[in-house]
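Good morning, everyone, and thank you for making time for this. Please have the sequence and the model open while I talk, and stop me whenever a term is unclear.

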Amino acid sequence: MKNLINMIMIAMLSSVIAGCSNEINASLNTEEIKFEKEDKVEAEQNTSAVQEVGKEKKDTVWLEGKSLFQVDATDGKMKYTVYLYAEDERRTILEEDSAKGKKGDSYFTGHYSVYLAEKGSKEAYRQEALNNSAELSFNPSKEQVYTQKMRNKTIISIFQSKGENAVKGQLLAIKDGEVLKINTEKEVVTSSKAKIKNINQKYLQTAQNKNDRWVISTWLFNEETLSMSLHDRIELNKEDHSDIDWMNLWLKEEALYYPFKNLALSVDAIEKAKQGIPLGSPYPIGTNISEIKKSDPNYIKEGFENGSPFVMYPEISYYFERETGNVTAISIPGQRVRTFIDEITAMFGTPLEVREEVLSGKTISTYLADKYSIEFISDLEGNVSEIVLMKTKNHAAH
């Protein structure tokens with residue numbers, strides 16, 4: 001297991017830029033359950049018809065034939081259709097490969113407007129969301145317009161090229177029968193090679209290549225104010241060598257996100273550990289791995305390391321018995337707590353054992369919690385890079 005732990009640690013980020021971090025101790029799955037209960041109540045209240053007063057209208061059948069894009073969207077219980085149409089739309093054929101697309105692709109440019117209709121309605125009404133926008137350009141073979149479900153609302157993302165491999169987005173949502181812009185405190189820029197990632201019903205994640213570094217940003221969506229704030233920002237060096245190519249995985253796997261959830265260490269962590277309960281997961285040691293995989297099938301990888309089977313998620317990894325499938329150890333990236341070993345010692349006291357690995361420069365500080373142990377693994381600078389909770393009787397085996 002030590003080789004596996006080292007592999008995970010190497011794969012972690014090289015530098016961290018903390019954003020507007022909040023203390024979040026619940027797991028993603030626990031949050032989802034909470035959201036579902038809240039959303040069911042809130043959805044009943046969102047029943048706004050399309051606002052018509054003072055708005056230009058067009059026939060929806062006509063728009064279906066003329067609009068470049070049309071998408072379905074919701075606001076609570078209400079279902080809508082959103083059209084993107086430009087009266088001055090111009091179509092050209094690309095004569096060579098470029099950032100715009102491949103040779104032979106159709107390329108459309110114009111001053112596009114948004115029209116909103118209730119689902120199945122014969123009339124759609126022009127919205128002001130893009131009224132002040134400059135010309136927009138689209139290659140339909142690229143995913144420049146798409147939707148994402150965030151709690152009770154659908155986010156409509158409209159992206160434009162920004163350099164060779166990046167796109168800049170305008171994000172829209174429906175509120176009180178109108179399409180409105182989502183306010184963002186910073187530009188939403190992401191790679192043109194992948195969509196924005198839904199982490200859960202509260203967070204989105206983007207990635208861009210900036211000054212030879214990959215910058216991964218996690219955004220917190222506020223449904224009430226229609227705004228997105230920067231929750232967290234992480235930089236990865238291109239030169240980092242690891243067994244896990246995080247950026248390649250992020251770009252290729254739509255369900256994959258980079259670890260982002262910040263955990264608050266407190267003195268009761270040892271008491272929880274005595275019950276086999278780790279930080280940031282609802283699954284205690286002893287849970288069967290099949291239950292975890294069924295609840296969250298979006299793991300990064302699974303396999304064996306020195307005979308120890310594992311399942312790895314972005315924010316946590318589970319190790320389990322081959323025969324029974326029961327979890328025996330849980331590993332958490334240190335980036336989720338962002339602390340130093342000196343702070344750990346000040347909080348929990350002197351560890352039972354401290355081991356140094358000369359070749360790697362890592363230090364392993366071990367604390368006992370009845371039949372379990374917690375290992376805090378730190379680097380030469382004292383940064384905690386990994387936290388491992390395991391059954392004491394299995395310590396030697398791993």
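Let me begin with the chain as a whole, where 51% of the 398 residues are buried. What you see is a predicted model, and its secondary structure amounts to 7 helices and 27 strands. If we take the contacts in the chain with a separation of 6 or more, 58% of them are between residues 24 or more positions apart. The accessible surface comes to about 19300 Å², and carbon and sulfur atoms account for 47% of that surface.

Before going into detail, I should say a word about confidence. The average pLDDT of the chain is 84, and 85% of the residues score at least 70, but there are stretches that call for caution. Over residues 1–27 the pLDDT stays under 50, although the model has 97 contacts beyond four places in sequence for them, and over residues 394–398 it also stays under 50, with 9 such contacts in the model. Where pLDDT is low, the predicted coordinates should not be read in detail, so I will leave those stretches aside.

Now to the part I would like to walk through, which is an open sheet of 8 strands with antiparallel pairing, in the order β20-β21-β22-β23-β27-β26-β25-β24. Its edge strands are β20, residues 301–305, and β24, each of which pairs on one side only. On average, and ignoring direction, neighbouring strands of this sheet are turned by 20° against each other.

How many of the 8 residues of strand β25 are buried? The count is 7, so this strand, covering residues 362–369, is mostly covered, given that buried means under 20% relative accessible area.

On one side, β25 pairs with β24, residues 353–357, in the antiparallel sense over 5 bridges, and within this pairing Glu357 stands opposite Lys362 of β25. The hairpin of these strands has 4 residues between them, and there Gly361 takes a positive phi near 80°.

β25 is also joined to β26, residues 372–378, by 7 bridges, and these strands again run antiparallel. If you follow the pairing along, you will find Ile364 with Ile377 of β26 as its bridge partner, and Thr366 with Glu375 of β26. In this hairpin there are 2 residues between the strands, and Asp370 takes a positive phi near 55°.

As a general reminder for reading such a picture, strands of a sheet pair through backbone hydrogen bonds, either parallel or antiparallel.

Definitions and conventions:
Residues are numbered from 1 along each chain as its sequence is written. This is a predicted model: local features need pLDDT of at least 70, side-chain atom pairs count only at pLDDT 80 or more; totals for chains, interfaces and linings use all residues. Side-chain values use heavy atoms; hydrogens and water are left out. Buried means under 20% relative accessible area, exposed over 50%, partly exposed in between (1.4 Å probe, protein chains only). Contact means heavy atoms within 4.5 Å. Accessible areas come from the Shrake-Rupley method with a 1.4 Å probe; for residues, only the protein chains shown count as cover. pLDDT is the predictor's confidence in each residue, from 0 to 100. Two strands pair if DSSP finds at least two bridges between them. Axes are lines fitted to C-alpha atoms, for helices over the stretch in contact, and angles run from 0 to 180 degrees between N-to-C directions.
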